[in-house]
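Welcome! Here are some exercises to work through with the model at hand, each followed by a solution in small steps.

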Amino acid sequence: MNVLAKPADLEAAAPANVFVEEVKTVQHYTDRLFRFRMTRPASFRFRSGEFVMIGLMVDGKPIYRAYSIASPAWDEELEFFSIKVPDGPLTSHLQKIQPGDAVLMKKKPTGTLVNDALIPGKRVYMFSTGTGIAPFASLIRDPDTYEKFDQVILTHTCREVAELKYGEDLVQETLNDPLIGEFAKDKLVHYTSVTREDFPRQGRITDLIKSGKLFEDLGVPPLNPAVDRGMICGSMEMLKDTKELLEEAGLNEGANNKPAEFVVERAFVG
Ligand code: A2P
């Protein structure tokens with residue numbers, strides 16, 4: 001079954017609420033993770049940290065999944081970071097895309113991991129596992145994040161060391177970027193850990209919070225609702241467990257219409 005098509009082949013068939021975009025680059029990190037960049041429609045606006053529905057035509061029908069946009073709102077292309085699920089209805093095909101292929105994208109972005117959903121604070125923690133780093137890839141490249149917070153702490157926990165590579169490259173690129181590097185160099189902290197292989201720092205982020213090691217390593221006081229803010233993106237279990245720890249520390253969950261001390265991305269699918 002050949003589900004990959006060129007943009008010109010799909011233009012006519014695409015519904016009115018869908019953009020047909022062209023893949024520009026694809027980079028594979030491991031047998032489970034890859035990223036791709038594609039064209040951005042001129043009329044498409046979003047807030048850094050939001051997600052969209054991304055799809056392909058499979059057997060004549062579009063199949064969509066929610067994807068956080070990993071590029072910042074000012075970028076002229078759109079970037080996505082994806083898992084490869086061997087039998088996944090979408091990702092089993094999406095992982096085979098090449099530059100020049102067409103990708104469908106629904107026109108309406110949405111999401112709660114946006115700066116507007118947090119009340120001002122001193123420090124923002126962006127807690128991510130696996131591909132949950134994607135919305136933060138957008139937010140750490142957005143000047144608004146650095147205007148709002150004195151310190152931006154991006155935590156990324158993966159099963160294997162090789163899965164950290166996307167985040168490591170991202171942080172280096174961000175620090176070296178002529179525009180964002182200036183904002184990021186004194187404020188951005190990248191904190192990584194691995195759970196299923198040897199690595200200098202091991203363990204789930206939830207355990208590192210509970211033991212206090214996270215704060216010791218960073219040289220900051222424990223979570224304090226007066227100054228600390230949080231954003232969480234990962235598997236359903238990770239969202240639940242991390243949320244509980246933030247609530248225990250006295251932080252309240254916010255939303256677009258009710259900004260508070262932390263936000264969770266519920267649409268994220270592993
Ligand atoms: P672990 O290896 O102990 O399961 P996944 O790829 O399954 O989404 O996992 C990404 C990372 O998230 C892994 O390091 C995994 O640790 C960790 N993780 C899984 N479940 C939780 C949870 N409930 N709380 C915190 N971290 C978790």
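## Exercise 1: A residue in helix α7

L208 lies in helix α7. Keep in mind while you work that this is a predicted model.

**Task.** Decide whether L208 is buried or exposed, and find which residues L208 is in contact with, leaving aside its neighbours within four places in sequence.

**Solution.**
- Step 1: Start with the accessible area. L208 has a relative accessible area of 4%, and buried means under 20%, so L208 is buried.
- Step 2: Look for contacts. Apart from neighbours within four places in sequence, L208 touches Y191, S193, R201, Q202, G203, K213 and L214.
- Step 3: Pick one of these partners, S193. L208 and S193 are 15 residues apart along the chain, and their C-alpha atoms are separated by 9.2 Å.

## Exercise 2: Checking helix α9

**Task.** Work out what span the 13 residues of helix α9 should have at 1.5 Å a residue, and find which residues of α9 are buried.

**Solution.**
- Step 1: The expected span is 1.5 Å times one less than the number of residues. For the 13 residues of α9 (residues 236-248) this gives 18 Å. The C-alpha atoms at the two ends are 19 Å apart, which agrees.
- Step 2: The buried residues in α9 are M238, L239, T242, L245 and L246. Viewed down the axis of α9, the buried residues fall within an arc of 135°, so they line one face of the helix.
- Step 3: Turn to the face of α9 that points away from the buried side. The exposed residues M236, E237 and E248 are carried there.
- Step 4: Ask what the buried residues of α9 pack against. Their partners are β7 (123-129), α7 (205-211), β10 (228-233) and β11 (262-264).
- Step 5: Go just past the end of α9. There, G250 takes a positive phi of about 100°.

## Exercise 3: From P225 to G250

**Task.** Locate P225 and find which residues P225 is in contact with, leaving aside its neighbours within four places in sequence.

**Solution.**
- Step 1: P225 has its place in the loop between α8 (213-218) and β10.
- Step 2: P225 has 26% relative accessibility, so P225 counts as partly exposed.
- Step 3: Beyond the neighbours within four places in sequence, P225 is in contact with A249, G250, L251 and E261. You met G250 just after α9.

## Exercise 4: Charged partners of R37

**Task.** Find which residues form a salt bridge with R37, and how many residues separate each pair in the chain.

**Solution.**
- Step 1: Recall the general idea. Side chains of opposite charge can pair when their charged atoms come close.
- Step 2: D75 forms a salt bridge with R37, with the closest N and O atoms 3.0 Å apart. This pair links distant parts of the chain: D75 is in the loop between β4 (61-68) and β5 (77-83), while R37 is in strand β2 (residues 33-39), 38 residues apart.
- Step 3: E77 forms a salt bridge with R37 too, and here the closest N and O atoms are 2.9 Å apart. E77 in strand β5 and R37 in strand β2 are 40 residues apart, so this pair also links distant parts of the chain.
- Step 4: Compare the surroundings. Both D75 and R37 are buried, whereas E77 is partly exposed, with a relative accessible area of 21%.
- Step 5: Widen the view. R35, R37, D75, E77, E79 and R141 are linked in a network of salt bridges.

## Exercise 5: Two spots in loops

**Task.** Find which residues form a nonpolar patch on the surface with L179, and what is special about the phi of D59.

**Solution.**
- Step 1: L179 is found in the loop between α5 and α6 (180-184). With a relative accessible area of 46%, L179 is partly exposed.
- Step 2: W74, L179 and F183 form a nonpolar patch on the surface, and together they have about 290 Å² of accessible area.
- Step 3: Move to D59, in the loop between β3 (51-58) and β4. D59 is exposed, with a relative accessible area of 63%.
- Step 4: Most residues other than glycine have a negative phi. D59 has a positive phi of about 50° although it is not a glycine.

Terms used. Residues numbered from 1 in each chain as written. Predicted model: local features only at pLDDT ≥ 70, side-chain atom pairs only at ≥ 80, totals over all residues. Heavy atoms only, no water. Buried < 20%, exposed > 50% of the residue type's maximum accessible area, 1.4 Å probe, protein only. Arc of directions from axis to C-beta. Contact = heavy atoms within 4.5 Å. Patch = residues over 30% accessible without salt bridge, like charges linked within 9 Å, V, L, I, M, F, W, Y side chains within 5 Å. Areas by Shrake-Rupley, 256 points an atom, 1.4 Å probe, with all protein chains shown as cover. Salt bridge = Lys/Arg side-chain N within 4 Å of Asp/Glu carboxyl O.
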